[in-house]
Amino acid sequence: MSNEIWDILYLPGRFPRKALAIIGGLFKRFFLLFTLKKYDFIFIHREATPIGPAFFEYFAARWLKKKIIYDFDDAIWIPNYSEANSFFSFLKGYSNVKHICKWVYKISCGNEYLCDYARQFNKNVVYNPTTIDTENYHNKVKNQDTDNFVIGWTGSHSTIRYIEEVIPVLSELEEKYTFQFMVISDLKPTYNLKSLVYHKWNKHSEIEDLLKFNIGIMPLKDDKWANGKCGFKALQYMALGIPALVSPVGVNTRIVDDKINGFICTSPEDWKNAIEAIMKDKSLNKEIAKNTRIKIENHYSVKSNTANFIDLFS
């Protein structure tokens, strides 16, 4: 689908335009099948088509006998859809995931929870963590010597509900401190906070927008969908020298070392104490910020993960 369609895909209404875009995309995928003979490997991230049966994957694997590397970084077998398109959610092929896992040559997953699911259907599963390009994209470091203090969150409409856990904490902190709570997303949140500032996500300004954060938060509920998350928010924050405050869910405790390169927050009191500690102690913030970049470069950068990725094609 084109960038123009992605801009409206999760907005209410406009169903004829969305339908035409998806039908057009299905035709593109169909005709792409006739070009696959010349390739040794096919790399599919999440899905080849967003609705209907997995015809592309089936034909490529079973008829063309191609080696497919199937990669996913969310629990995409669990129903999860936007309210704007809920009427058409029955078209989503959530059960496709287990079938595709059976057909493909190799599976690449972003955390062990996802790997465990995939191993039910295929023994050739590789843990391949979400990787950050620290040289060409996330290649700047936050200057923590700022007069104003910004607490930030970035993500899509599908995960914005997780912020609700910290809204009461932020509301309480507003009574004592002056700060901004900046949300970067595709849809504007409606929380009643005087500190709330909204920035629409934009690929071209993403890094500069993130660099406005002094700290980045990643609250999650301990459910099946959240356990499938691969910590991309935390990785983005840390790659830019921004301390990450995260819930102890899924891969987060593997990414963040508590009180070294971020904080692991289990309760509302933990969230409050962590935010308050960094607000009040700029030297603490700088020390933790310095460690964040080191963790990413050593374990989650393109450079540190190149061999693991290339090995998928062995």
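Select G152 and G216. In this predicted model, G216 of β8 is the bridge partner of G152. Now widen the selection to the two strands. β5 covers residues 150-154, and two bridges join it to β8. The strands β5 and β8 run parallel.

Stay on G216 and look to its other partner. In β9, that partner is A244. Show residues 244-246 to see the whole of β9. Three bridges join β9 to β8, again in parallel.

Next, display the side chains of β8, residues 215-218. Which residues point which way? I215 and I217 point one way. G216 and M218 point the other way. In a regular strand, side chains alternate between the two faces of the sheet. Buried or exposed? All four of these β8 residues are buried.

Move to helix α4, residues 96-103. Colour N96, V97, I100 and C101, which are buried. Now turn the view to look down the axis of α4. The buried residues fall within an arc of 135°, so they line one face of the helix. What do they pack against? Add α3 (55-63) and β2 (67-72) to the display. Then add β3 (106-109) and α5 (112-118). The buried residues of α4 pack against these four elements.

Last stop: Q236. Find this residue in helix α9, residues 232-239. Is Q236 buried or exposed? Its relative accessibility is 3%, so Q236 counts as buried. Select its contacts, leaving out residues up to four places away in sequence. Q236 touches I132, H138 and T154, along with E206 and L210.

Notes
Residues numbered from 1 in each chain as written. Predicted model: local features only at pLDDT ≥ 70, side-chain atom pairs only at ≥ 80, totals over all residues. Heavy atoms only, no water. Buried < 20%, exposed > 50% of the residue type's maximum accessible area, 1.4 Å probe, protein only. Pairing = 2+ DSSP bridges. Arc of directions from axis to C-beta. Contact = heavy atoms within 4.5 Å.
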